[in-house]
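Here's a quick walk through this protein, starting at the metal and working outwards. Keep the structure open while you read.

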Amino acid sequence: MNTATKLSGFALGLVAVFGAAYGIGNLADPVAPAAETRHDDSDNDHGAGDTGHGDESGASAHLPGGLLVSERGYTFQPAAAPAGQFAFRITGPDGAPVTRFEVAHDKRMHLIVARRDLSGFRHVHPEMTGDGTWRVASPLGGPGVWRAFADFTPEGGEPLTLGLDVTVPGDLTARPLPAPVTSTTVDGYTVTLTGTPEPGRTSRLTLSVSRDGRPVTDLQPYLGAYGHLVALRQGDLAYLHVHPEGTPGDGRTPAGPAITFAAEVPSAGAYRLYLDFRHGDAVHTAEFTVLAGDQTAPAPAAPASTTAPTPDAGHGTPGHGHS
Ligand SMILES: [Cu+2]
């Protein structure tokens with residue numbers, strides 16, 4: 001799994017795929033020709049990339065990421081840690097802790113946590129000791145049940161995201177999911193979203209960053225990109241990690257203000273989007289609630305697709321007030 005392979009996937013627009021496959025597996029897959037043939041009649045089912053995974057254990061091959069604590073023989077196991085720390089291991093098909101991981105997006109392990117009510121998102125990078133134990137200052141922000149996502153690639157394997165519930169005891173204050181918006185602020189930045197995710201097909205989502213009314217055009221690379229986008233589905237916290245189109249330093253990708261993602265969500269429903277971007281030598285996280293599918297979602301700001309006509313024009317809410 002190398003960067004060039006991933007970039008070719010990006011160039012094909014196969015950026016965002018739920019679950020184990022990042023849309024690149026078939027490049028090394030001897031059954032790829034069959035996969036392409038099947039793709040013709042499978043109409044956008046996750047894009048071409050993961051239709052050829054005949055070697056993956058069937059049941060979970062098409063699930064979104066992060067729903068399973070154990071998948072393809074890899075298991076996300078909590079480990080004892082002193083107060084204020086979070087520790088875990090990934091055990092492999094042989095039952096032993098895995099100690100060899102590929103670097104993906106600058107890190108061998110991405111740990112994302114969100115409380116089950118979708119509040120309190122954090123994205124951190126633990127350090128591994130030689131016995132395969134990963135440790136990090138606890139990102140868990142307060143009482144409640146948290147979902148921890150370990151996003152990694154075992155050496156020589158496919159990317160995988162496993163999910164684990166972690167309870168922080170204490171009095172829980174439930175927070176309702178914030179209403180859908182197309183603009184939000186964080187740390188003095190305003191981030192505006194255009195585009196609407198459509199279930200089952202790739203949608204372009206563009207996030208534009210400004211500060212004090214001026215577009216930010218000097219975003220700093222963070223983990224090899226100008227932005228990282230995680231989407232979590234309300235209800236089960238299905239996990240989607242989306243990387244943007246273009247790479248810093250490729251000669252064609254501007255350092256803002258817009259960061260464009262190609263995202264595919266697996267179903268209609270509400271999703272919480274978390275955009276990590278870096279500016280002023282600090283990482284900021286902008287959050288949005290979006291609705292996908294046949295709901296009263298805000299209409300895209302511009303025609304979003306050159307293909308299918310909008311099937312549900314009657315459901316649009318022009319002048320809905322988001323701007
Ligand atoms: Cu990360």
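## The copper site

Three histidines hold the copper ion in this predicted model: the protein donors are H110 through ND1, H123 through NE2 and H125 through NE2, at 1.8 to 2.0 Å from the metal. Along the chain, these donors follow the spacing H-x12-H-x1-H. H110 sits in strand β4 (residues 110–115), while H125 is in the loop between β5 (122–124) and β6 (127–128), 15 residues apart from H110.

Are those two histidines buried or exposed? H110 has a relative accessibility of 3%, so it counts as buried. H125 comes out at 19%, and because the cut-off for buried is under 20%, H125 is buried as well.

## The overall picture

Zooming out, the protein has 18 strands and two helices. It runs to 323 residues, of which 49% count as buried. If you take the contacts with a separation of 6 or more, 62% of them are between residues 24 or more positions apart. The accessible surface is about 14,700 Å², with 52% of that belonging to carbon and sulfur atoms.

## A covered strand

Now have a look at strand β14 (residues 228–233), where six of the six residues are buried. H228, V230 and L232 point one way, L229, A231 and R233 point the other way, and all are buried.

Which strands does β14 pair with? One partner is β17 (residues 269–279), which runs antiparallel to β14 and is joined to it by six bridges; here L229 stands opposite L275. Another is β15 (residues 239–242), also antiparallel, with four bridges to β14, and in that pairing V230 is opposite H241. β14 and β15 make a hairpin with five residues between them, and G235 in the turn has a positive phi of about 110 degrees.

## A loop leucine with far-off contacts

L177 belongs to the loop between β9 (160–168) and β10 (183–186). Its C-alpha atom is 7.0 Å from that of D117, although the two residues are 60 residues apart along the chain. Beyond its neighbours within four places in sequence, L177 is in contact with L118, Q234, A270, R272 and T289.

## Aromatic pairs

A search of the whole structure turns up eight aromatic pairs. Here are two of them, with F152 as a member of each:

| Pair | Centre to centre | Angle between planes | Type |
|---|---|---|---|
| Y74 and F152 | 6.4 Å | 70 degrees | edge-to-face |
| F101 and F152 | 5.6 Å | 85 degrees | edge-to-face |

The Y74 and F152 pair links distant parts of the chain: Y74 is in strand β2 (residues 74–79) and F152 in strand β8 (residues 144–152), 78 residues apart. F101 is in the loop between β3 (85–91) and β4, so its pair with F152 in strand β8 ties together parts 51 residues apart in sequence.

How buried are these rings' residues? Y74 and F152 are both buried, with F152 at a relative accessible area of 2%, and F101 is buried at 3%. Y74, F101 and F152 join W134 in one aromatic cluster.

One last ring to look at is Y189: R211 lies over its face, at 4.7 Å from the ring centre.

Terms used: Residues numbered from 1 in each chain as written. Predicted model: local features only at pLDDT ≥ 70, side-chain atom pairs only at ≥ 80, totals over all residues. Heavy atoms only, no water. Buried < 20%, exposed > 50% of the residue type's maximum accessible area, 1.4 Å probe, protein only. Contact = heavy atoms within 4.5 Å. Areas by Shrake-Rupley, 256 points an atom, 1.4 Å probe, with all protein chains shown as cover. Donors = N, O, S within 2.8 Å, 3.2 Å for Na, K, Ca; no water. Pairing = 2+ DSSP bridges. Phe/Tyr/Trp six-rings, centres within 6.5 Å; stacked < 30°, edge-to-face > 60°. Lys NZ or Arg CZ within 6 Å of the ring centre and 35° of its normal.
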